Amino acid sequence: MGGNGSTCCTGKEEGGTVHVITPLQPAEPIESQATASPGGSQLELTFRVEGGSETPVIFNSRPLGLDLMRQMPMKVKRAHAGGMAEALGIKEGWALIKINGVNLEGKTLSQAQVILKHAALALPGDDAKA
């Protein structure tokens, strides 16, 4: 997985369940960590923006309209013209640091992709595009 590719948040990626086991904690499938959002059918992505501040962005449906770099931290490669990400003001170069409050620090790219995929699939959306 090189740094020049991109991954989109539509859930088209293939993959199995990833489990993270840490001392003194029960095993929990990683996709369950961020699927439920406090507000119901919402996806909150928190980005580190230029200057180092954190900016949360709320998505209410799919598709997200967002391409991310295939490296950690996952940075915005582009927000699709006319898409939800563009409408919400997401900019190229922003680094994705949290998904529904789950900190991505210390996660592998595969783990972060699984968390994002499952959280995004919990949103209502156009399944033909998802």
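**Exercise 1. Describe the order of helices and strands along the sequence, and count them.**

Solution. Read from the start of the sequence, the protein follows the pattern β-β-β-β-β-β-β-α-β-β-α. The model under study is predicted. Counting the symbols by type gives two helices and nine strands.

**Exercise 2. State what share of the residues is buried, and describe the exposed surface and the contacts.**

Solution. Begin with burial: of the 130 residues in the protein, 36% are buried. Next, take the surface. The protein exposes about 7,000 Å², and carbon and sulfur atoms supply 50% of that area. Last, take the contacts with a separation of 6 or more: 60% of them are between residues 24 or more positions apart.

**Exercise 3. Find which strands pair with β4, and give the direction and the number of bridges.**

Solution. Step one: β4 is joined to strand β5 (residues 54–59) by six bridges, and the two run antiparallel. One of the bridge partners can be named: Leu43 is matched with Phe59 in β5. Step two: look at the turn. The hairpin of β4 and β5 has five residues between the strands, and Gly51 takes a positive phi near 95 degrees there. Step three: β4 also pairs with β8, in the antiparallel sense, over four bridges. Here Arg48 has Ala95 in β8 as its bridge partner.

**Exercise 4. Search the structure for aromatic pairs, classify what is found, and say which parts of the sequence are tied together.**

Solution. The search of the whole structure yields one aromatic pair. It is formed by Phe47 and Trp94, with 5.7 Å from centre to centre and 55 degrees between the planes. To classify the pair, recall that planes under 30 degrees apart count as stacked and over 60 as edge-to-face, with the rest tilted. The angle of 55 degrees therefore makes the pair of Phe47 and Trp94 tilted. Now place the two residues. Phe47 lies in strand β4 (residues 43–48), while Trp94 lies in the loop between α1 (84–87) and β8 (95–99), so the pair ties together parts that are 47 residues apart in sequence. Both Phe47 and Trp94 are buried.

**Exercise 5. Locate the cis peptide bonds at Pro63 and Pro73.**

Solution. The bond from Arg62 to Pro63 is cis, with omega near -5 degrees. Pro63 sits in the loop between β5 and β6 (66–69). The bond joining Met72 and Pro73 is cis too, with omega about -5 degrees. Pro73 belongs to the loop between β6 and β7 (76–79).

**Exercise 6. Describe the backbone and the burial of Asn100.**

Solution. Asn100 is not a glycine, yet its phi is positive, about 50 degrees. Its place is in the loop between β8 and β9 (102–103). For burial, compare the relative accessibility with the cut-off of under 20%. Asn100 has 13%, so it counts as buried.

**Exercise 7. Compare the length of helix α2 with its expected span, and decide how far the helix is covered.**

Solution. Helix α2 (residues 109–121) has 13 residues. From its first C-alpha to its last it reaches 18 Å, close to the 18 Å expected at 1.5 Å a residue. For cover, count the buried residues: ten of the 13 are buried, and α2 is mostly covered. Among them are Leu109, Val114, Ile115 and Leu116, and also Gln111, Gln113 and Lys117.

Key. Residues numbered from 1 in each chain as written. Predicted model: local features only at pLDDT ≥ 70, side-chain atom pairs only at ≥ 80, totals over all residues. Heavy atoms only, no water. Phe/Tyr/Trp six-rings, centres within 6.5 Å; stacked < 30°, edge-to-face > 60°. Buried < 20%, exposed > 50% of the residue type's maximum accessible area, 1.4 Å probe, protein only. Pairing = 2+ DSSP bridges. Contact = heavy atoms within 4.5 Å. Areas by Shrake-Rupley, 256 points an atom, 1.4 Å probe, with all protein chains shown as cover. Expected span 1.5 Å × (residues − 1).
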